[in-house]
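Please consider the following model, with attention to how protein and DNA meet and how one chain is divided into domains.

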Protein chains: 2
Amino acid sequence: MDPQQLRTFVAVVDHRSFSAAARGLGYTQSAVSQHIAALEADLDAPLVTRRPVTPTEAGERLLEHARPLLLRLDAARADIARLRRAHPGRLAVACAPGALTPAVANALVRARTAAPQLAVSVRVGARSEAVQAVLAGAADLALVDGAAAPSDPLPLPDAGPLTAFAIAQEPLAVLLPASHPLAGRPALRLPDLAAARWIDAPDAAVPLAQLRVAAQSDGFEHQLTYTGSDIKTLGTLVAANGGLATTALPMAAGMSGVAAVPITEPRLVHRTELLHPRNPTAPAAELAETLRLA
Amino acid sequence: MDPQQLRTFVAVVDHRSFSAAARGLGYTQSAVSQHIAALEADLDAPLVTRRPVTPTEAGERLLEHARPLLLRLDAARADIARLRRAHPGRLAVACAPGALTPAVANALVRARTAAPQLAVSVRVGARSEAVQAVLAGAADLALVDGAAAPSDPLPLPDAGPLTAFAIAQEPLAVLLPASHPLAGRPALRLPDLAAARWIDAPDAAVPLAQLRVAAQSDGFEHQLTYTGSDIKTLGTLVAANGGLATTALPMAAGMSGVAAVPITEPRLVHRTELLHPRNPTAPAAELAETLRLA
DNA sequence: CATGAGTATCAGTATTGCTGATGCTAGGTG
DNA sequence: CACCTAGCATCAGCAATACTGATACTCATG
């Protein structure tokens, strides 16, 4: 199971084609075909059906492992590269949309004014992308948010050793259309909403899967999936009766047509965590220290 | 970063010698030397000092990734192998010493009598070994125990997708020598014991690291490390004033010279979980189902 | 049935990855 | 203090491998 072959396999599944994967990887189609054949011979199981190219049962299983494996290989390389040349003139932050609080923004700006030659960059994207960026060394630290019990850590994909700590906790709120019968309530219980229609917005809001874990309940079926990381747009969807979503209470300020009602039960909070590698660059460590104390 | 080379690297570190690693792996010393040289050239960093052979800073970092990476490669292979030929005539259970409760034992025996041709095997070992055995396919299911908040999952190393659920929860108790001033108490608060002298018995009792996480506190320094999985022996050490340890309350029954006092604060339980792969063999699934309902 | 898009196979070649022999160096020994 | 030796590095040579490019095959489509 050569990592190169695994990479080829993942590309083949993603492109749904041997030839397209070959182009993407800079190989010939012949090489890709041989990679897959070698993997199938090694594991003694067919991995993809041909025409159409679809992962088989065994292929699905392999995929579950292959992606994290490749990510971790990159993480290992990045960890060691950081030891050699720690770009001290750079501060790259990867964050999920709900995670860049005013306090963080202020700290970032202060770091920049304190050291004007520091190249500060912020990249907003999906939660998993932010984590990945730190693991692979593309970012120096990540800010991710989610729902959890008051002092529990966030459930994050564990692809390597990262240091994490909370930098903010706010009440968790459900976003309802202003016209919703429950919109006027001062507070709501989450179990009462399990049967409601939800929007699954894994990047922009609290993912429903995380909500199910935190509330220890099934339910929370979604009628609509929202791909993207813009919270304002999510508010528009909620206002248009697309379904419910959960975010931090302060996040909903200024959304028109949307009511944000705090959730009292179970005792959940919206928590923002800062993640950085074990051996952070100097500017990243400083920023982390600032936010830890705040 | 060829997995073969990583395997060689890990072996070199474990053996503290190139030649010994070569013998262990069935290579020549020359090949091992070339593997390490290739890795160092690839990562552009020295990985081990020579004479004595010790991991460098970069080597330590690589090790943190290499071991889980190799484990997961095995897990991937095992997952796919299970699809092909699911040994339905075998039921191999790997468990941590505190995890084989009477209920589990009874269920195992019932499974055996119900299907006399079933080859039932139980292997007791360290927690991580049990998890590893299931991932690598050497065992069909694992039973592990530990401390956690009442309905939280156990903190387990995440090296792949496993299904887990609790099969037992008992009060958590601290083991004290019978002569200890606190031994007569009906109950104890964990924070009051943070400054005590502990035995770190990561295999036999609740690991101190897990206790720190569950209690959200530092402290719990150990004065003695106990390697091994025999709980009776641990009791002897406690009785001899070697330090404190925590287990499930019923576990301490019949230990002479040892007092077991339940812990009331923070609200922690001793929890036993059953782990199995996503696609368990038929006997494993049946046993899991029996224990889930119990 | 003819066509085309796409995968499998094959031969050939450059590269890789071993072994076995030998060189080199640090640490121990008389 | 010179020598010895255990153990890592290096080198040449050979076998296995991993690509490319050409070609054969195989479905899905009109």
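In this predicted model, a base oxygen of DNA strand D lies 3.2 Å from an N or O atom in the side chain of Gln34(A), a polar contact being a pair of N or O atoms within 3.5 Å, where within protein one must be able to donate a hydrogen and the other to accept it, and residues adjacent in sequence count only if both atoms are side-chain atoms. The side chain of Gln34(B) also places an N or O atom 3.4 Å from a base nitrogen of DNA strand D. The phosphate is approached through the backbone, as an N or O atom of Phe18(B) stands 3.1 Å from a phosphate oxygen of this strand.

DNA strand D is surrounded by 18 residues, and the closest are Thr28(A), Ser30(A), Ser19(B), Ser33(B) and Arg50(B); a residue is near a strand if one of its heavy atoms lies within 4 Å of it. At least two residues of this surface come from each of α3 (29-43) of chain A, α2 (18-25) of chain B and α3 (29-43) of chain B, where helices are DSSP runs (H or I, at least four residues) numbered from the N terminus. Of the strand D atoms within 4 Å of the protein, 50% belong to sugar or phosphate and the rest to bases.

Around DNA strand C there are likewise 18 residues, the closest being Ser19(A), Ser33(A), Arg50(A), Thr28(B) and Ser30(B). Sugar and phosphate make up 48% of the atoms of this strand that come within 4 Å of the protein. An N or O atom in the side chain of Ser33(A) is 2.8 Å from a phosphate oxygen of DNA strand C. Bases of DNA strand C are met by Gln29(A), with a side-chain N or O atom 3.1 Å from a base nitrogen, and by Gln34(B), with a polar side-chain atom 3.1 Å from a base oxygen.

Chain A is divided into domain 1 (3-83), domain 2 (86-162 + 271-293) and domain 3 (168-269), with bounds from an automatic or database domain assignment. The C-alpha centres of domains 1 and 2 of chain A lie 31 Å apart.

Residues are numbered from 1 along each chain as its sequence is written, and chains are lettered from A and ligands numbered from 1 in the order in which they are written. Local features need pLDDT of at least 70, side-chain atom pairs count only at pLDDT 80 or more, and totals for chains, interfaces and linings use all residues, while side-chain values use heavy atoms, with hydrogens and water left out.
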